[in-house]
Structure formats: C-alpha cells, structure tokens
Amino acid sequence: MEDEASPLPAFEASFSVQQLLADRLLDQAFPISERFRALFSLRNLKGSIPRQALIVATRDSSNLLAHEAAFALGQMQDAEAVPALKDLLLDYSIHPIVRHEAAEALGAIGLDDYVPLLQNSLKLDPAQEVQETCELALKRIEKSRHKNATKEIITEDKSPFLSVDPAVPASSETSIEELRKELLDEEKGMYERYAALFALRNHGGAEAVDAIVAALQAQSALLRHEVAYVLGQLQDKVASTALTEILKDLNEHPMVRHEAAEALGSIADNESIMLLKEYEKDPEPIVSQSCEVALSMLEFEQSGKSFEFLFLESPQVH
C-alpha cells in the first residue's frame, strides 16, 4: 500500500448519518444525482459502513455509479476493499468501464499480493481499456515498491489536485516540448504517457493545455478518457471546443464521452451547459447520466452550496 496518506480530506459522521448516506447511495428510487451526492460524501469517510456501501454500489445497474464507486475505493486506498475489487476485475459480465476502475483502484491501493492477478488480467481480459489499466496499475505498484525499497523521496507524487493518480508525474524539470512528445508518442508505454500527461497538468499554462488537447486524438480510448478527465481538472475554457466534439461523437467510446461531459460541466460556460442539457437525453446511459450529474453539481455550485452532504464534520474542528 502507498506509504503516504490518502489525499482525500478526512471527515467524521455518526453511525446514523453514515447509514443514511449508505441507504441513499443504494436506493435506486433516488435520482442518479442524489445517489452521487451520497457517494461523494461516503468517500470522505472511513470504516465498514462507507466501505461496504461503496462495494455494493460497484455492482449497481448504473455502470456510471458502479465505476465511480470503484474509483472512490481506490482513492480511499482502503486495503479492506481489495477482495471485492479483485472479484470485480475477474467478472467479465461487468461493464469494462467498471472493471477498468477496479484495476486502477488495485493500483492505487498498491498491494504486491495482487500483482499476479493484474498480470493475468493484462493478458486475458477481453477489453483493451482494462488491459491497459492493468499495465498502468502494475507499473504504479512497481514504482511504489522501488520508492519504498530505496527510501526515495518523490515529491511529484503529491497531486496538487487531491487525487491518487494512476501514474507518478514525470519530472517537473522536463520541458513542455519534451512532455508533449512523450504524451503523443504512440510507441511509448501507457505509464510513460500518463506520467507526461500529469506533469503537463501540474505545469499548467496555454502550451501545456494545447499539448493535452492534442492527446484527445490518441489511439487509446483509455488515454483519451484520462485526457478529458485532466482537462476537467484544469477547467480551461480553451478545451471546450475539443471536448464538445468528443461528446457529440456517437462513435466515440462511452468512457471518453462521459469524461468529456464531466469536463464540460467543470468548465461551465453557457455553451457547455446548453450542450449538457441536450445530451442529458443521450441513448448511452453512461453519457446521459454523466450530463445529469454534471448539471446537478453545477446547480449546487451556482447556488453557493456544496454538492456533498453538509452534515459531515471535520475532526480538525473538534
């Protein structure tokens, strides 16, 4: 497991509040946006109730919610969730977007015990995006093992965006031109390209954003989806046109279109909002639900309220 603490903020909640959130997350009678509010709240909590609720949610009929629950378990870096993530990865009846998040979560948690599992799925999983995620997870575990063995201090692995990234960003001393070349090189390994992507994100600025946008043309759907995710983190309106084209492309992989929708929600200009409302009726549920959640988050933000439930308490204030 990673030796640094999870970057997610720590909160506390009473048993009754935790149970309320768990019930809300798992109740399919609630709108998907309300269930996401519960999910985002639970991922800030530790303990058996939040963990078990998220584990159950990874099997939800909504692939969008299920994949987000798997992602949350990885961000929480909770080793107790590993057996469930293993079962998820091995279940080919589960949508590839969910299996992909299970593999990424295993990489984020970083236990050596599950290297053989990831190696097996790298070879046998029928979905390329899952195979590539296993490649990333294995490399991340290897890098973590090397760091721990050598007592190496890598300052770049502390994400300024409070996320547990699938790859350690490339050195901050690498030029943007070099990072762009690395990111766009189809001959490079997926981990190296991800490392360049996160280094460009952390660098920021017009030249870096231009390089990231160019990677939306990459051959790998997995890389394209991560590029869209990073553009959402950066919230740069320059990316709006490219993200709009991705969302509109019905032949694009749903996981890429879903990330484009969420990124447009983060950018939140008038054109993006209108587009999200239009594609809220998209025939692909992963995309339509992404638009619905993005619009709901915007509504809370614009009203000055938190999308997460507000009855969680930070232990620092006690």
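Helices (H or I, at least four residues) and strands (E, at least two) are DSSP runs, numbered from the N terminus. The model is predicted: local features need pLDDT of at least 70, side-chain atom pairs count only at pLDDT 80 or more, and totals for chains, interfaces and linings use all residues. Residues are numbered from 1 along each chain as its sequence is written, and side-chain values use heavy atoms, with hydrogens and water left out.

**Exercise 1.** Place Gln235 in the chain and describe its backbone and its exposure.

Solution.
- Step 1: Gln235 sits in the loop between H12 and helix H13 (240-248).
- Step 2: The phi of Gln235 is near 55°, which is positive although the residue is not glycine.
- Step 3: Gln235 has 47% relative accessibility and counts as partly exposed. The classes are buried (under 20% relative accessible area), exposed (over 50%) and partly exposed (in between), with a 1.4 Å probe and protein chains only.

**Exercise 2.** Do the same for Leu162.

Solution.
- Step 1: The loop between helix H8 (128-150) and H9 holds Leu162.
- Step 2: Leu162 also has a positive phi, near 55°, and is a residue other than glycine.
- Step 3: With a relative accessible area of 53%, Leu162 is exposed.

**Exercise 3.** Work out how helix H11 (residues 206-214) is oriented, using its buried and exposed residues.

Solution.
- Step 1: Ala208, Val209, Ala211 and Ile212 of H11 are buried.
- Step 2: These residues cover an arc of only 160° around the axis, so they lie on the same side of H11. The arc is that of the directions from the helix axis to the C-beta atoms.
- Step 3: Ala206 and Glu207 are exposed on the other side of H11.
- Step 4: The cover over the buried residues of H11 includes helix H9 (176-184), helix H10 (190-203) and helix H12 (221-234). Contact here means heavy atoms within 4.5 Å.

**Exercise 4.** Describe the protein chain as a whole: its helices and strands, its radius of gyration and its buried share.

Solution.
- Step 1: The protein chain has 16 helices and zero strands.
- Step 2: Its radius of gyration is 19 Å, close to the 20 Å that the globule rule gives for 318 residues, so the chain is as compact as a globular protein of that length. The radius is taken over C-alpha atoms, and the rule is 2.2 Å times the number of residues to the power 0.38.
- Step 3: Of the 318 residues in the protein chain, 54% are buried.
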